[in-house]
Amino acid sequence: MQGFWVPRRIVMAVIAALIVIWCVNSLNWAWLANPKYQTLILQGIWTTTWLLVVTMVLGMLLAIPLGLAQAAGPWWLATPSLAFCGLIRGTPLLLQLWLLYYGLGSLFPSIPWIRQSDLWPILRQAWPYAVLALTLSVAGYSGEVMRGAFKGVPHGQLEAAKAMGMPRFTVFRRIWLPQAMQRVLPTLGGETVLTLKATPLVATITVIDIYAVSSRIRQDTFVVYEPLLLLAVVYMALAGLIVLLFRWLESRVPQKTV
């Protein structure tokens, strides 16, 4: 603990404490006492959190086969995977989100069998398109990361496992995938934080996340800086939790060997 409190960190902590004290005493936080805004803030944090978790899980489930196809698949799988990752990485996420929401979202109402199906009450809402856009974005970026991770696993280990009679899927499940995930954890933590910071874009298609709540509070109260400061604190707290989670995961995973 003594090594943590070096002079520069003490100075930074003192400066941060002074800034917090000044913000608490000098700015207008009366709106925070309103139960309506308290409920909206909690709902916005929850929406941002579940949106991040769902899209990261679904995105990684797509990224693994995308990376595997590029690393070891035949050309008829590797080429579409490479094209998909290039398309996602080469176009803005906002454009992808709008194309899905205003494109598919405008097309579906004109298809009778979709309007008459049980999926229509879901497809007429905005959040499925937000989940789809963020999931494809995670898959596109993380697919390239997984490609490098798969190629980074020593080929000799895979050949040795096959020589011992292991089936291909067992080799993948017990050797190739675990070592690839072990190598990709630090980068995946950064990708998760970047995805968190991309979630405010869903407010442009009427999904009420914490950014949309902040904008509504500013419109209702004409208070500008305080909701933005609260928004910054929420994102910093969530990003800090993500960093701590991935550092914990890295500490639980055995160090890679060459």
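**A guided look at an all-helix listing**

Guide: Let's start at Phe-222, which sits in the loop between H10 and helix H11 (225–252). A word on the source: this is a predicted model, in which local features need pLDDT of at least 70 and side-chain atom pairs count only at pLDDT 80 or more, while totals for chains, interfaces and linings use all residues. Residues are numbered from 1 along each chain as its sequence is written, and side-chain values use heavy atoms, with hydrogens and water left out.

Visitor: Why is Phe-222 called exposed?

Guide: Its relative accessible area is 71%. The label depends on cut-offs: buried is under 20%, exposed is over 50%, and partly exposed is in between, with a 1.4 Å probe and protein chains only. Phe-222, at 71%, is therefore exposed.

Visitor: What makes the backbone of Phe-222 worth a look, given that it is not a glycine?

Guide: Phe-222 has a positive phi, about 60°. Thr-206, also not a glycine, has a positive phi of about 75°. You will find Thr-206 in the loop between H9 and H10.

Visitor: How do you know whether Thr-206 is buried or exposed?

Guide: The relative accessibility of Thr-206 is 54%. That value is over 50%, so Thr-206 counts as exposed.

Visitor: How many helices and strands does the chain have?

Guide: There are eleven helices and zero strands. Both kinds are DSSP runs, numbered from the N terminus: helices are H or I with at least four residues, strands are E with at least two. Along the sequence the pattern reads α-α-α-α-α-α-α-α-α-α-α.

Visitor: Why is the chain called more spread out than a compact globule?

Guide: Its radius of gyration is 23 Å, well over the 18 Å that the globule rule gives for 258 residues, so the chain is more spread out than a compact globule. The radius is taken over C-alpha atoms, and the rule is 2.2 Å times the number of residues to the power 0.38. Along its principal axes, the C-alpha trace spans about 70 × 70 × 30 Å.

Visitor: What share of the residues is buried?

Guide: Buried residues account for 37% of the 258 in the chain. One of the residues labelled buried is Thr-192, in helix H9 (residues 168–198).

Visitor: How do you know that Thr-192 is buried?

Guide: Thr-192 has 6% relative accessibility, which is under 20%, so it counts as buried. Leaving aside neighbours within four places in sequence, Thr-192 is in contact (heavy atoms within 4.5 Å) with Leu-52, Met-56, Ile-242 and Phe-246.

Visitor: What about Val-57, which lies in helix H2 (residues 35–72)? Why is Val-57 called partly exposed?

Guide: Its relative accessibility is 47%, a value between 20% and 50%, so Val-57 counts as partly exposed. Val-57 and Ala-139 are 82 residues apart in sequence, yet 9.7 Å apart in space, C-alpha to C-alpha.

Visitor: What share of the contacts joins residues at least 24 apart?

Guide: Among contacts between residues at least 6 apart in sequence, the share is 77%.

Visitor: How many salt bridges does a search of the whole structure find?

Guide: The search finds three. A salt bridge is a side-chain nitrogen of Lys or Arg within 4 Å of a carboxyl oxygen of Asp or Glu.

Visitor: What makes Arg-89 and Glu-144 a salt bridge?

Guide: Their N to O distance is 3.4 Å, which is within 4 Å, so the pair qualifies. The pair links distant parts of the chain, with Arg-89 in helix H3 (residues 75–90) and Glu-144 in helix H7 (residues 127–152), 55 residues apart. Glu-144 is buried at 15%, whereas Arg-89 is partly exposed at 43%.

Visitor: Which residue in helix H7 is about one helical turn from Glu-144?

Guide: Arg-147, because the two are three residues apart in helix H7. Their side chains meet in a salt bridge at 3.3 Å, N to O. Arg-147 is partly exposed, at 25%.

Visitor: How do you know that Arg-216 and Asp-220 form a salt bridge?

Guide: Their closest N and O atoms are 3.7 Å apart, again within 4 Å, so this pair qualifies too. Both lie in helix H10 (residues 210–221), four residues apart, about one turn of the helix. By contrast, salt bridges that share partners join Arg-89, Glu-144 and Arg-147 into one network.
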